[in-house]
Amino acid sequence: HSFPTRRSSDLLRNFGWLTLGRVTGDACLFAMFVVLSKTFGPEGIGRYSFAMALAGLFAAVADFGLFPFSLVEFSRERRFGLLCGRILLLRAPLLVLTWSLLALSTASGAMPADTVPVVLIVGAYQLFMTVVDGLNAAFVARGDPGLAARTELCLKALAAGLAILLAASGASLVTAVS
């Protein structure tokens, strides 16, 4: 069974937008990783990589399957304001709880003191991006994947660009990552 032409073209357009936003945004973050690596050396990039890995575990908990759930539920709701309210209602408490658990895990004294602020900053970024993913799910459910792609790309490019500029200007790892 073949799909109608309009539906196929919409699918390709939507896939193209989402792919473009994700790949280009991740390329910006990769460029930032390269600059941080060259600027701060093995020790600095090791702290950053550890922070990304640890915070990534907490971000996975903060998302906890909400993105696929959001796509299904939000495709049924037509009022965008209500969608945004639901996103915040679902994600904000989970974000606060997850970041608090991350902060408590850094307070144990098990990691070096100079790594703690990097973990907390990277954790805040990754958890914030789960909220952005929730908003992007609303954009996709409304049939506007281009807005979702542009939002993701702009946020990642802005974060990476600022980190690159700060690292190149001689700022510390904590300042560049923040």
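Me: How much area does the protein chain expose, and what share of it do carbon and sulfur atoms supply?

Reply: Keep in mind that this is a predicted model. The protein chain exposes about 10,000 Å², and 72% of that comes from carbon and sulfur atoms.

Me: Okay, and how many of the residues count as buried?

Reply: For that you look at relative accessible area, with buried meaning under 20%. Here 33% of the 178 residues in the protein chain pass as buried.

Me: What about the fold: how many helices and strands does the protein chain have?

Reply: Six helices and zero strands. Read from the N terminus, the order is α-α-α-α-α-α.

Me: What share of the contacts comes from residues 24 or more positions apart?

Reply: Start with contacts that have a separation of 6 or more, then see what part of them spans 24 or more positions. In this protein chain that part is 78%.

Me: Now the largest pocket. What is its volume, and which residues lie nearest its centre?

Reply: The volume is about 610 Å³. The lining has 28 residues, and Leu29, Met52, Tyr125, Gln126 and Met129 lie nearest the centre.

Me: Which elements give two or more residues to that lining?

Reply: Helix H1 (5–63), helix H4 (116–141), helix H5 (145–168) and helix H6 (173–177) do. H1 gives the most, with 10 residues.

Me: And what does the lining look like by class?

Reply: Sort the lining residues by side-chain class and you get 19 nonpolar, three polar and six charged residues for the largest pocket.

How values were computed. Residues numbered from 1 in each chain as written. Predicted model: local features only at pLDDT ≥ 70, side-chain atom pairs only at ≥ 80, totals over all residues. Heavy atoms only, no water. Helix = DSSP H or I, 4+ residues; strand = E, 2+ residues; numbered from the N terminus. Buried < 20%, exposed > 50% of the residue type's maximum accessible area, 1.4 Å probe, protein only. Contact = heavy atoms within 4.5 Å. Areas by Shrake-Rupley, 256 points an atom, 1.4 Å probe, with all protein chains shown as cover. 1 Å grid on protein atoms, 1.4 Å probe; cavity = no way out; pocket = protein on both sides within 12 Å on 5 of 7 lines; lining within 4 Å. Points joined across faces, edges and corners; volume = space filled by probe spheres on them. Nonpolar A, V, L, I, M, F, W, Y, C, P; charged D, E, K, R; others polar.
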